[in-house]
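Good morning, everyone. Please look at the sequence and the model on the screen while I talk.

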Amino acid sequence: MTASLLDGIEIDGAPAGALYPGWTAIHRQPVVGQFEVVVFQDEASRRQACWWIENGVYKASHVLALPPEAQNDLLTAMDPLFWPLAEGVLGGEIRDDARTFRTDLPEIVFRELSGCWLGRHAPHAIFIAAGHADSGEALTCPDGKPVAEGRMKALLSAKRTGSTLIVSSPFSALPVRAQIEMKLGSSATAYRFNDEAENAVFYLVWDEKAPDRRPSFYYPKGPLLVSDAPSGPLFPGWILEWFARHADHADAIRSARPFLPEDFGVGQASSLRSPKTTQDDPTGSPSPSVPPPSHEQSINASPITEAGAIQKTAEPIKAPQRSFLPELPLEPAPVVKSPPKKGLFGRLKALLGRDGE
């Protein structure tokens, strides 16, 4: 079986020969154009590795190691598959031209392709260890969208209960319901959320090798990734790969039920522990008797539309390459902070009418 899978492959001008002890070729698959891939597996550890073949010639053992010209040809040939997904469903609305999907490629192959393609075209996500959220500090995402004090800490405290996952959005603090559950192989499980009030799609990802570890947070438009998982930096590529495998994702997202008031009281309270801050309007917090705003109301409630923002700021210099993520603002948005708390002496002065002294 190994010999037949390696037939016709040349390495350094000679036919492919003996492999390292314990390794066996288990799959050979055309990828696109003149490119093929051979998947190998170590019998003892079950680890897998790839050979990338161009016109019958071995080129590299990873997409990242391909010669620049070959890598460019391979990743460019994957554009029709990845671009509509990356510019659409990954961080925003579903695009109608996302019609190409692949279910024939082994997981290790697809993960190399999606991760390298995303790293090539998208700005690298700002990576923050999840421990940063323990301080409860406010933060500003790379795209300028603020996250108020305590919200990220509350979000990363979310627990899966076996039922539909409902969390408090780190952007609006409104409760949002997971639209889809995404099994990223046996490695991780991701949940997609859409905060319509803030026009923000984000993901929570659990590392299934350590399910008790707090989830990772991925915000594609940031781009921001908050994670303690060793595989955390790979999650964005894995999510893009999942969309590229599942042609039914658009229908699943469109048919997903939004958060409803009756969703309270079904064991989801632990996911909604967003503390009140002086920036949050207590009267705006949803309760079982107050339904969340409708889609139309949420859009109209946005303080500044994207078009308005463009009219009020100078047009940024365009990046030399295409990107589905917004460019950084010319001036960073201010970080949301709580006003300083008055001590006992300050409160006494206020009671005596001497606060301004």
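I will go from the whole chain to a sheet, a helix, a pocket, a pair of hairpins and a few single residues.

First, some ground rules. This is a predicted model, where local features need pLDDT of at least 70, side-chain atom pairs count only at pLDDT 80 or more, and totals for chains, interfaces and linings use all residues. Residues are numbered from 1 along each chain as its sequence is written, and side-chain values use heavy atoms, with hydrogens and water left out.

Now the whole chain. The secondary structure comes to ten helices and 16 strands. Those are DSSP runs, numbered from the N terminus: helices are H or I with at least four residues, strands are E with at least two. How much of the chain is buried? Of its 357 residues, 42% are buried. Buried means under 20% relative accessible area, exposed means over 50%, and partly exposed is in between, with a 1.4 Å probe and protein chains only. Next, contacts, meaning heavy atoms within 4.5 Å. Take the contacts between residues at least 6 apart in sequence: 56% of them join residues at least 24 apart.

On to the sheet. Strands of a sheet pair through backbone hydrogen bonds, either parallel or antiparallel. Here, two strands pair if DSSP finds at least two bridges between them. Our sheet is open and has six strands, in the order β7-β16-β15-β14-β13-β12, with mixed pairing. Which strands stand at the edges? They are β7 (126-128) and β12 (180-184). Each has a single partner strand, so one side of each is left without a neighbour in the sheet. From one strand to the next, the twist averages 20 degrees. Look inside the sheet at β14, residues 200-207, and β15, residues 216-219. These two run antiparallel, joined by three bridges. Leucine 204 stands opposite phenylalanine 217 in β15.

A helix lies across this sheet. Helix α6, residues 235-245, crosses β12, β13 (188-195), β14, β15 and β16 (224-226). It runs at about 110 degrees to β12. For that angle, axes are lines fitted to C-alpha atoms, for helices over the stretch in contact, and angles run from 0 to 180 degrees between N-to-C directions. Is α6 mostly covered or mostly uncovered? Mostly covered: eleven of its eleven residues are buried. Among them are Trp238, Glu241, Trp242 and Arg245.

Helix α6 also leads us to a pocket. Together with α4 (107-121), it is one of the elements that each supply at least two residues of the lining of the second largest pocket. A pocket here is found on a 1 Å grid over the protein atoms alone: an open set of points where a 1.4 Å probe fits, with protein on both sides within 12 Å along at least five of seven lines; lining residues have an atom within 4 Å of a point. The second largest pocket holds about 890 Å³ of space. Its volume is the space filled by probe spheres set on the points, and grid points are joined across faces, edges and corners. The lining has 32 residues, with Arg111, Gly115, Pro233, Leu234 and Trp238 nearest the centre. Helix α4 gives the most, with eight residues. By type, the lining divides into 18 nonpolar, nine polar and five charged residues.

Next, the hairpins. Strand β4, residues 35-42, pairs with β5 in the antiparallel sense over seven bridges. Five residues lie between these strands, and arginine 46 takes a positive phi near 65 degrees. Then β5 pairs with β6, residues 57-60, also antiparallel, over three bridges. Two residues lie between them, and asparagine 55 in the turn has a positive phi of about 55 degrees. Follow isoleucine 53 in β5. Its bridge partner is glutamate 36, and in β6 its partner is tyrosine 58. Why is β5 largely enclosed by the rest of the structure? Because five of its seven residues, 48-54, are buried.

Last, some single residues. Valine 147 sits in strand β9, residues 146-147. It is buried, with a relative accessible area of 1%. Phenylalanine 171 is 24 residues away in sequence, yet the C-alpha atoms are 5.4 Å apart. Now strand β3, residues 23-32, which holds proline 30. The C-alpha atoms of proline 30 and leucine 105 are 8.7 Å apart, with their positions 75 residues apart along the chain. Glutamine 29 is in β3 too, and it counts as buried at 15% relative accessibility.

Technical notes
Nonpolar A, V, L, I, M, F, W, Y, C, P; charged D, E, K, R; others polar.
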